[in-house]
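Subject: Structure for your review

Dear colleague,

I am passing on a structure that I would like you to look over when you have time. The sequence and coordinates come directly below, and my notes come after them.

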Amino acid sequence: MEKPHSFTREELLMSGRGELYGPENAQLPLPNMLMMDRIVHISDEGGKYGKGEIIAELDITPDLWFFACHFQGDPVMPGCLGLDAMWQLVGFYLCWMGGPGKGRALGCGEVKFTGQVLPSAKKVTYKIDLKRVILRKLVMGIADAVMEVDGKQIYEATDLRVGLFTSTQDF
């Protein structure tokens, strides 16, 4: 059976409720921390390193929760939310590939912010290029990623690391 190559918002919400891959496996966060509206492409081939890629999108509207509190009179999407979205997508990829366990961000190499997301923007696009995927006793993904707003690259992260853990008790 061929795996889906895209996911709707409802399917992403199913992941957040543990209904897509099961409650004991990686789940995306629920709103408000779910930082994407859809995955438009996911593949275990291609990408910059030939190990897989993900492209996801978030629709921007002026009423998104973070604009009201970050910052008064100067609304901007927090950079950490874009970075978290990239980790969310790497974890989702590992689960999509069949890896068991709960997802946890393990770090990253370097992060650069060269722009911002304002309430006037229309769409954020995340592009994830998997560098290494380990699906053994250790389940981990390492990826590089960029975030674009309305077609302009504004964030770049290298060596994003996410692991799946069947027990998080000692994490």
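The notes below cover the nonpolar core, then two single residues.

This is a predicted model, in which local features need pLDDT of at least 70 and side-chain atom pairs count only at pLDDT 80 or more, while totals for chains, interfaces and linings use all residues. Residues are numbered from 1 along each chain as its sequence is written, and side-chain values use heavy atoms, with hydrogens and water left out.

The largest nonpolar core (buried Ala, Val, Leu, Ile, Met, Phe, Trp, Tyr and Cys residues joined through side-chain atoms within 4.5 Å) holds 47 residues, of which Ile39, Met77, Met86, Val117, Tyr126, Ile128 and Met147 touch the most other members. Helix H2 (79–96) is among the elements that each supply at least two residues of this core, and H2 gives the most, with 12 residues; helices (H or I, at least four residues) and strands (E, at least two) are DSSP runs, numbered from the N terminus.

Methionine 77 is in contact (heavy atoms within 4.5 Å), beyond its neighbours within four places in sequence, with residues including His70, Val117, Tyr126 and Met147.

Histidine 70 is found in the loop between E2 and H2 and, at 21% relative accessibility, counts as partly exposed, because buried means under 20% relative accessible area and exposed over 50%, with partly exposed in between (1.4 Å probe, protein chains only). An unreviewed UniProt entry annotates His70 as "active site"; such annotations, given in the numbering used here with shortened feature names, may be inferred rather than shown by experiment.

Threonine 125, by contrast, lies in strand E5 (residues 123–135) and is buried, with a relative accessible area of 10%.

Best regards
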